[in-house]
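Q: I'd like to learn how to read a model like this one, strands, sheets, ligand shells and so on. Can we walk through it together?

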Amino acid sequence: MSKKNIIVTGGAGFIGGNFVHYMLEKYADYRIVCVDALTYAGNLDTLSSVMNNPNFRFVKMDITDRDSIFKLFQEEHPDIVVNFAAESHVDRSIKDPGVFLRTNIIGTQVLMDACREFGIERYHQVSTDEVYGDLPLDRPDLFFTESTPIHTSSPYSASKASADLLVLAYHRTFKLPITISRCSNNYGPYHFPEKLIPLMIANALADKPLPVYGDGLNVRDWLYVKDHCLAIDLIIHQGRVGEVYNVGGHNEMTNIDIVKLILKALDKPESLITYVKDRAGHDRRYAIDPAKIHKELGFLPTTRFADGIKMTIQWYLENKGWWEKILSGEYQNYYEKMYGDL
Ligand code: NAD
Ligand code: TDX
């Protein structure tokens, strides 16, 4: 495999951070340039072990800052761009949609304009299954395929879907060599503790109430983050230009079952479970049909949920410093606003 220079945006976040580690471990001769604005969700601690790696460069930069992004492309001439940078939390998009539109849509445009200007082998957009909206609980036979119509529920998913449409338009109109992946819910190390699994682990360890939205019966399709990294690795090297690939592993679980499993693993009582007001517009069920990526690229998840969740809980137990620092900082203001009356 020839040497590549890859710009990874959002690499100080959860999935982007895992992807940086994955790529540096797998490809000894690749150069990875991480571009991240270090918003509340970006954390340099996630990258501390690779900061001195000669194949790695970190650049603090906002993807909506056109001049700086163009200068960086001029300097780096990347072969591949993988865009993870995004505002990613649905609840925050309900409280304040503006920044979601700016980063998720305009940021995508800026990156693709830079790719057009300086040339690119591949621009990869990391999207989400949320662009398909949701499925009813009483139709377990239904799954999202790549041809399921876009039908978004939250400002977050609408911004991601808008970006996807823009990416497809740049391919058709400007022949930009793009691919898009739409993955189901990820879990694993470095997951910011505002999202379901790490939030429940952190609260259970602190004997705090576990806030479950609505009836707790909403279903998500969980994939271990390293398997998402593997899927993107396959797509950027072997995926067909212009194509969308769904990524998932057929692992549907209700929220309440996940919460109970975490409590059991940590030997904490179910009395900590507290049902709270439902999320506005709350999607009922996500379920990915991953047949295309399996058939075309041979993708199959390598980590079963039973193992992945154990490894994840263990990681949070062994890396308290990583998440306790977050809980003591700016995130705490958000938590107060979101769950203050608990
Ligand atoms: P995250 O919130 O943990 O990380 C996002 C990163 O992007 C942070 O490091 C943040 O600092 C950075 N960022 C935000 N705005 C920026 C800007 N304007 N310029 C530069 N950097 C900026 O998110 P995540 O969960 O790792 O998600 C990564 C991507 O994967 C997102 O595009 C998300 O839509 C998608 N996705 C996530 C999931 C999931 O389960 N978490 C599932 C499918 C798809
Ligand atoms: O406190 C909570 N209580 C609760 O019941 C939180 C934070 C969540 N939930 C529920 C809402 C969802 O049904 O748990 C489920 C998962 O919630 P999140 O972790 O917020 O994830 P979700 O909304 O499913 O979106 C995630 O997957 C798709 C990512 O955050 C997105 O970035 C990705 O696109």
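**Reading the sheets and the ligand sites**

A: Sure, let's begin with one pair of residues: S127 has R182, in β6, as its bridge partner. Keep in mind that this is a predicted model.

Q: In which sense do β5 and β6 pair, parallel or antiparallel, and over how many bridges?

A: The general idea comes first: strands of a sheet pair through backbone hydrogen bonds, either parallel or antiparallel. Here β5 and β6 (residues 178-183) are parallel partners, with six bridges between them.

Q: What is the order of the strands in the open sheet of seven?

A: Reading across, you get β3-β2-β1-β4-β5-β6-β10, with parallel pairing. The edges are β3 (56-60) and β10 (244-247); each has a single partner strand, so one side of each is left without a neighbour in the sheet. On average, neighbouring strands in this sheet are turned by 20 degrees against each other, ignoring direction.

Q: Which strands does α5 lie across, and how is α5 oriented to β5?

A: For a helix on a sheet, look at the contacts and then at the angle. α5 lies across β5, β6 and β10, and runs at about 155 degrees to β5. Helix α7 (residues 225-238) packs on the sheet as well, touching β1 (5-9), β4 (80-83), β5, β6 and β10. The direction of α7 makes about 145 degrees with that of β5.

Q: Now the other sheet: what is the order of its three strands?

A: This one is also open, with the order β7-β9-β11, and its pairing is mixed. β7 and β11 (252-254) are the edge strands, each pairing on one side only. Neighbouring strands here are turned by 50 degrees against each other on average, again with direction ignored.

Q: How many bridges join β7 to β9?

A: Three, and the two strands run parallel, β9 covering residues 219-224. If you want a pair to click on, N185 has W222 in β9 as its bridge partner. Helix α8 (residues 255-265) packs on this sheet, touching β9 and β11, and its direction makes about 80 degrees with that of β11.

Q: Let's move on to the ligands. How many residues surround ligand 1, and which are the closest?

A: A shell is the set of residues around a ligand, counted here with a heavy-atom cut-off of 4 Å. Ligand 1 has 28 of them, and I15, D36, S88, Y156 and K160 are the closest. By type, the shell splits into 14 nonpolar, 11 polar and three charged residues.

Q: Which helices and strands each supply at least two residues of the shell around ligand 1?

A: Those are α1 (14-26), β5 (122-128), α5 (155-174) and β7 (185-187). β5 gives the largest share, three residues. So the strand we started from turns up again at the ligand 1 site, as does α5.

Q: Which polar backbone atoms lie 2.9 Å from an atom of ligand 1?

A: One belongs to I63, paired with a nitrogen atom of the ligand, and another to N186, paired with an oxygen atom of the ligand. There's also a polar backbone atom of F14, 3.0 Å from an oxygen atom of ligand 1. As for cover, ligand 1 has 830 Å² of accessible area on its own, and the protein covers 96% of that.

Q: And ligand 2: which residues come nearest?

A: Of the 22 residues around ligand 2, the nearest are E130, Y156, R279, H282 and Y339. The shell has 10 nonpolar, seven polar and five charged residues, and α6 (196-205) and β8 (210-213) each supply at least two residues.

Q: Which side chains place a polar atom 2.5 Å from an oxygen atom of ligand 2?

A: Y156 does, and Y339 does too, through an N or O atom. In the side chain of R220, an N or O atom is 2.7 Å from an oxygen atom of ligand 2. The protein covers 94% of the 650 Å² of accessible area that ligand 2 has on its own.

How values were computed:
Residues numbered from 1 in each chain as written. Chains lettered and ligands numbered in written order. Predicted model: local features only at pLDDT ≥ 70, side-chain atom pairs only at ≥ 80, totals over all residues. Heavy atoms only, no water. Polar contact = N/O pair within 3.5 Å; in protein donor to acceptor, adjacent residues only side chain to side chain. Areas by Shrake-Rupley, 256 points an atom, 1.4 Å probe, with all protein chains shown as cover. Helix = DSSP H or I, 4+ residues; strand = E, 2+ residues; numbered from the N terminus. Nonpolar A, V, L, I, M, F, W, Y, C, P; charged D, E, K, R; others polar. Pairing = 2+ DSSP bridges. Axes fitted to C-alpha atoms, helices over the stretch in contact; angles between N-to-C directions. Contact = heavy atoms within 4.5 Å.
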